[in-house]
Amino acid sequence: VAENGLSGWLRYAPLPDGQRQQYASSLPSHIVALNSTSTSPVYTAGQELQDGIQRILGRKLKISQEHSAWTSFNSSFVLVGTLSAYDKLGSQNLSTDLVPDGFWLNIKGGAVTIVGQNGRGALYGAFEYLSRIAQGNFADADIVSNPDAPIRWVNEWDNMDGTIERGYAGRSIFFANGSVATDLTRVSQYARLLASVRINGIVVNNVNANPRMLTNETIAGLKRIADSMRPYGVRVGISLNFASPGPDGLKETATFDPLDPTVIAWWEAKTNQIYQQIPDWAGYLVKANSEGQPGPLTYNRTLADGANLFARALRPHGGIIMFRAFVYNSNMNPAVWKDDRANAAYDFFKELDGEFLDNVIVQIKYGPIDFQVREPASPLFAHLPNTNAAIELQITQEYLGQQDHLVYTPPLWKTILDFDMRVGGKPSLVRDIVSGQRFNRTLGGYAGVVNVGTNPNWLGSHLAMSNLYAYGRLAWDPTGDVQSLLQDWIRLTFGSEPSVVKVITDISMASWPAYENYTGNLGIQTLTDILYTHFGPCPQCQENRWGQWTRADKSTIGMDRTVSNGTGNSGQYPPEVAAVFENLETTPDNLLLWFHHVNYTHRLHSGKTVIQHFYDAHYDGAAAAQTFVPAWQSLQGKVDGARFDDVLFKLRFQAGHALVWRDAVAGYYYNLSGIADEASRVGHH
Ligand code: GCU
C-alpha cells in the first residue's frame, strides 16, 4: 500500500488476522460517547474509536451519543465521556484524582471505560486505548493519567504570505496570499495528530509577527482555524507584533507605548473582539525587543510592562500570554571579551521576577543561545520563583539538519529537562520548574516550535515525525523514557515487525550523538552557517554581530564564561552549579568549550586533546551516518515502497553531507591550528 505519511502515527494499520480476531470478537457492539455534541472532543473520541477499531481490528461498532443506550452499568460498552457525565450515570463514583485534561482508562476484556476530567481528557484516553490496540496490546489495564503541566503548546512560525520561517516541509497549511487559507482540511488533520499526543494549544503564526494578524478579515479567518481545531481540544492563539496598533502597524494609534491609555484601550477592544468570535481563544505569544522586533523598551517601559499590557486584556477571558525570554542584543562586537549573548535572558528577566501578572508565562528557550546541538540549560530557569515559566523546544530541525538529517532530539531535550539547578541547595530539575511544582506555580509547561507544512508527511521527512510524537508525550510526562516513546511511535508508524523496530530504534538513538560528532563538539555550538541558512558547515562564520562566538584562533578555542576571567555566565547559575562550570576540572567535556577558553592541546577527562577529539569525533560521527544507509536498506520489503524510498533518499543525503561536515570542520581547525591528526586522516586527502 502506498503510504504518504499523512496520517502520521495514527495510521491504524490492520493487525494480522491471527492477532486481532479473538480480541475483536470480545468487543461489545456499541460505543457510547456520553452526552456529546458534534464539536466536542467527546464526540470526536467516539468517531476516533469507531474508525480506529474498524481499521485495526476489522470490526465496526455502532456509536450512541446518548446514555439512554446505557441500560445497566453491567452491560458492556466501549464508553467514553467526561467525569461529570459519567458521575451522572450514578453507577459508580470515580474516586480518582483527575486534573484538567487527565483521564482514567479501564480495560477489562472487551469492556472499555474512558473517563476524562474534561472532554479533552476523554479524547486523550480514547487515543491511548487505540494506541495500545494498534500496537497489538490487548491487556487489561486500569490507569489514571494526568498531565505534568497544563501548557502543552506548539508554535508554528508561519507567515501570512504562506512561507514558513525555518520550515522545511513546504508552504503553510494555515495561510496563503496574505490571509487565512480557504481550505483548512490539513489544519483539522493536524489538530488530530496533536490531540493524539495530548497537545492542547497552538500559536499559528511567526513570532516575527505581522500586524495584519489583527485585522477584522484575519480574525474571521482565525475563527475558522479555531473551529477546525476545537473538535480535537486544541485551542488557538497568535503571535503579536508589539507595535500592531501604531504608526508602523495598523495606524490606529499614535504610539505603541504599553502605558498609553489609547494603546491599552486598543488592545482591550481587540482582545474582546477576538473572544466574542472565539470564546475558547488560547491567548497570545510575544517576541518583543529581539532581533529587530518592537517592544516596550522603545518607550523605556519594562518587559513586564509590555507583558502585562496583554495580560490585563486577556485576564477577564481566561487567556494566557506567553512572553518570550529570547531577548538579546543582535549587534554585538566579538572583539569585546566580556560580552556574551548567553547572558542576555538572565540579564533582562531576573530583576523582573514577581512583576508579571498571573496569566503571563515566560517562555524560555532550552539553552542560553539558540537551539544548538549542545547547550547547558538556560540559567534563567533558576531565577523566576515568582513567575510562571515554560520551556521552548524545537521540533523543526533549524540547526540540526533541517529534516535532511535524521536527528532524534528527545535525548537532547532530556539533558535539559533532567538538569538539576540546585536552587537554594535543593533539587530543582528544569522539568519541575516548568511544570510549576518546584516553585508552586499553577501555570507553566511546554512550547514546541514545529513548523509543519503542506508536505503530505508534515515535516518533510517520515522519520522526523518521531520528534513531534515524543515532544507531546514528554510534555505530558517528562519522566517518559525516550527510547520507549520512540518505539511506540515506530510500531504505530511502521508496524511491529521486530527488525523494523530494531533498525529504526538503533539509527534514531545513534543520530543525535552522530550529528553532534560531525558538527560542533565539546559545547562549541553547531558550527553551521549562522548568517543565512543555518544549514551546512561554516566554522568560519561564527564571530559576527549575532553573538554565537567560538573565539577560535591559531592556538586556542572556546568562550571563557567564567566569573574569574570571562563573561561571568557561569555565575548566573545557582552556587553549586556555578562552581561546577566555573572550574575547568569539573566542567563536563561535552560543555568544556561552552564555558572555557583553552589551548587545542588541552587534555579532556577522556585523555584526548581538544583538537584530537575534534578530529576523532568528526570521523566517528560521519562513519556512524554511513551505517544508517545499509541499516535502512535491510528493511527493504518490510516497509512500504514509497516510505522506504523517501527515507533511503534522506539517509543517503545525510551520509554524504556528514562527510562534507567532517572535512569542512576538521580541515578548518587543522588549517587554523596546524596540529596534525594522530591518525593522519585530516589534511591528507
Ligand atoms: C532564531 C531563528 C529565527 C527566529 C528566532 C526566534 O534566531 O533563526 O528565525 O525568529 O530564533 O526564535 O525568535
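Colleague: Two strands count as paired if DSSP finds at least two bridges between them; on that footing, how many strands make up the closed barrel, and in what order do they run?
Modeller: Bearing in mind that this is a predicted model, the closed barrel has 8 strands in the order E7-E10-E11-E12-E13-E14-E15-E16, and their pairing is parallel. From one strand to the next, the twist averages 25 degrees.

Colleague: Take E12 and E13, then: over how many bridges do they pair?
Modeller: Strand E12, residues 283–286, and strand E13, residues 320–324, are joined in the parallel sense over 4 bridges. One place to find this in the structure is Gly283, whose bridge partner in E13 is Ile320.

Colleague: And which strands does helix H8 lie across?
Modeller: Helix H8, made of residues 303–314, lies across E12, E13 and strand E14 (360–365), and its direction is at about 165 degrees to that of E13.

Colleague: Switching to the ligand, which residues surround it?
Modeller: Around the ligand are Glu165, Arg166, Val207, Asn208, Lys287, Phe326, Asp370 and Glu398. Sorted by character, the residues of this shell comprise 5 charged, 1 polar and 2 nonpolar.

Colleague: What about the open sheet, how is it ordered?
Modeller: The open sheet holds 6 strands, ordered E2-E1-E3-E5-E4-E6, with mixed pairing. Strand E2 (62–64) and strand E6 (141–145) stand at the edges with a single partner strand each, so one side of each has no neighbour in the sheet. Ignoring direction, neighbouring strands of this sheet are turned by 10 degrees against each other on average.

Colleague: In which sense do E1 and E3 pair there?
Modeller: Strand E1 (residues 30–33) pairs with strand E3 (residues 78–82) in the parallel sense, over 3 bridges, and within E3 the bridge partner of Val32 is Leu79. Helix H4, residues 119–134, lies across E3 as well as strand E4 (103–108) and strand E5 (111–116), running at about 145 degrees to E5.

Colleague: Stepping back, where does the assignment put the domains?
Modeller: The domain assignment gives domain 1 at 17–145, domain 2 at 151–494 and domain 3 at 518–559 + 597–673. Between domain 1 and domain 3, the C-alpha centres are 48 Å apart.

Colleague: And which residues does the UniProt catalytic annotation cover?
Modeller: In an unreviewed entry, UniProt annotates residues 135–458 as "domain: Glycosyl hydrolase family 67 catalytic"; in the model this span is 23% helix and 16% strand, with its end C-alpha atoms 23 Å apart.

Colleague: Where does UniProt place the C-terminal feature?
Modeller: The feature "domain: Glycosyl hydrolase family 67 C-terminal", also from an unreviewed UniProt entry, is placed at residues 460–681. That span is 52% helix and 2% strand, and its end C-alpha atoms lie 35 Å apart.

Conventions. Residues are numbered from 1 along each chain as its sequence is written. This is a predicted model: local features need pLDDT of at least 70, side-chain atom pairs count only at pLDDT 80 or more; totals for chains, interfaces and linings use all residues. Two strands pair if DSSP finds at least two bridges between them. Axes are lines fitted to C-alpha atoms, for helices over the stretch in contact, and angles run from 0 to 180 degrees between N-to-C directions. Two residues are in contact if their C-beta atoms, placed from the backbone, lie within 7 Å. UniProt positions are given in the numbering used here, feature names are shortened, and annotations may be inferred rather than shown by experiment. A residue is near a molecule or strand if its C-beta atom, placed from the backbone, lies within 6 Å of it. Ala, Val, Leu, Ile, Met, Phe, Trp, Tyr, Cys and Pro count as nonpolar, Asp, Glu, Lys and Arg as charged, and the others, Gly among them, as polar. Domain bounds come from an automatic or database domain assignment.
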